[in-house]
Amino acid sequence: MNGDSFLDLLSQRRSVRAFTAQPVPHAVLERLVQAAITAPSPTNRQPWRFAVVTKAELRQRITEAVRDRAEEMKAIIRKGHHAEDFGQYGDFFHEPLSTAAAIIVPQYRVYPDLIANLVASGGGDPTKFHTAASMQAELCSTSAACMALLLQSQAEGLGACWMSGPMIGRDEIQRLLDIRDPWKMVGAIAVGYPDQLPTKQPRKPLAQVVSWFEDDAEPREAQK
Ligand SMILES: Cc1cc2nc3c(=O)[nH]c(=O)nc-3n(C[C@H](O)[C@H](O)[C@H](O)COP(=O)(O)O)c2cc1C
């Protein structure tokens, strides 16, 4: 695989929101998590965990927990001036979960800020330094793990959708999956064999998202 073909693979990934009833074999789900844990993390702390739910009754309870809270929220929004703007958007909170053969709930935990403690031990004021905590490094690492899991899903012929919508049912989902402090869920990933091929979502042009700081003499073309 070269740079172009890898970029091509990345560009073909889509968020898939509807799945067939075909179950995903345990060994395949294990590979998804294997892929996730290849992600980098500060001092290799690996601040992540994953609940992999295929049990039908539990998937249903998770989906219902999200749907119920979304309906509750929709009813409130309908009373205001933005009911039209919100429209059916609330369905995106739970819909992909309803047909997913597996629901994967990534979790992260925060570790004590070692560098800040070292600064304090030397008599310094840790608040005078931006450390890993200032970029929520554990959450970043877990997000990187989620992206690896999405790409492995694609390579396995699966579809997947990483969703923040399920956060609305966080308390109930954490209770159902016994997720306790210091662990926190990072949305949920719906996984299954795709029942639809979603259209490609546009991306902003590079010029809008990159600032280049280069020397004039730097090569413009890739070296062969
Ligand atoms: C952190 C995160 C949260 C998301 N939450 C939802 C969600 O709750 N429901 C949903 O249907 N899609 C959700 N998505 C998928 C996005 O809508 C999707 O990535 C975006 O529209 C771009 O489409 P693509 O992934 O097919 O390129 C989420 C994606 C990310 C990364």
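A polar contact is taken here as a pair of N or O atoms within 3.5 Å. In this predicted model, one such contact joins Phe92 to the ligand: a backbone N or O atom of Phe92 sits 2.8 Å from a nitrogen atom of the ligand. Gly165 also uses its backbone, with a polar atom 2.8 Å from an oxygen atom of the ligand. Arg17, in turn, makes its approach through the side chain, where an N or O atom is 2.6 Å from a ligand oxygen. On its own the ligand would expose 620 Å², and 69% of that area is buried by the protein.

The wider surroundings of the ligand can be described next. The shell consists of 13 residues, and the closest are Ser15, Arg17, Phe92, Gly165 and Arg203. Sorted by class, five residues of this shell are nonpolar, four are polar and four are charged. Strand β3, which covers residues 159-163, provides the largest share of the shell, with three residues.

It is helpful to set this site within the overall fold. The chain contains nine helices and five strands, and their order along the sequence reads α-α-β-α-α-α-β-α-α-β-α-β-β-α. Along the principal axes, the C-alpha atoms fill a box of roughly 55 × 50 × 45 Å.

Pockets were examined on the protein atoms alone. Rolling a probe the size of a water molecule over the atoms shows where empty space is left. The largest pocket holds about 470 Å³ of space and has a lining of 15 residues, with Arg13, Arg14, Ser15, Gln201 and Arg203 nearest its centre. Helices α1 (3-12) and α7 (137-155) each contribute at least two residues to this lining, and α1 gives the most, namely three. The lining of the largest pocket comprises six nonpolar, four polar and five charged residues. Two residues link this description to that of the ligand site: Ser15 and Arg203 are listed among the closest to the ligand and also among those nearest the centre of the largest pocket.

The second largest pocket has a volume of about 270 Å³. Its lining is made up of 14 residues, and Pro42, Arg45, Pro112, Leu114 and Ala132 are the closest to its centre. At least two lining residues come from each of α6 (114-121) and α7. Here the class count is 10 nonpolar, one polar and three charged residues. Helix α7 thus appears in the linings of the largest pocket and the second largest pocket.

Side chains of opposite charge can pair when their charged atoms come close. Eight salt bridges were counted in the model. One of them is formed by Glu72 and Arg69, whose closest N and O atoms are 2.7 Å apart. Because these two residues are three positions apart in helix α3 (residues 56-78), about one helical turn separates Glu72 from Arg69.

Finally, a few backbone details are worth a look. Asp181 and Pro182 are joined by a cis peptide bond, with omega at about 10°; Pro182 belongs to the loop between α8 (170-176) and β4 (184-185). Another loop, between α2 (26-36) and β1 (48-53), contains Asn44, which has a positive phi of about 55° although it is not a glycine. Gln46 is found in the loop between α2 and β1 as well, and its phi is near 50°, again a positive value in a residue other than glycine.

Notes
Residues numbered from 1 in each chain as written. Predicted model: local features only at pLDDT ≥ 70, side-chain atom pairs only at ≥ 80, totals over all residues. Heavy atoms only, no water. Near = heavy atom within 4 Å. Polar contact = N/O pair within 3.5 Å; in protein donor to acceptor, adjacent residues only side chain to side chain. Areas by Shrake-Rupley, 256 points an atom, 1.4 Å probe, with all protein chains shown as cover. Helix = DSSP H or I, 4+ residues; strand = E, 2+ residues; numbered from the N terminus. Nonpolar A, V, L, I, M, F, W, Y, C, P; charged D, E, K, R; others polar. 1 Å grid on protein atoms, 1.4 Å probe; cavity = no way out; pocket = protein on both sides within 12 Å on 5 of 7 lines; lining within 4 Å. Points joined across faces, edges and corners; volume = space filled by probe spheres on them. Salt bridge = Lys/Arg side-chain N within 4 Å of Asp/Glu carboxyl O.
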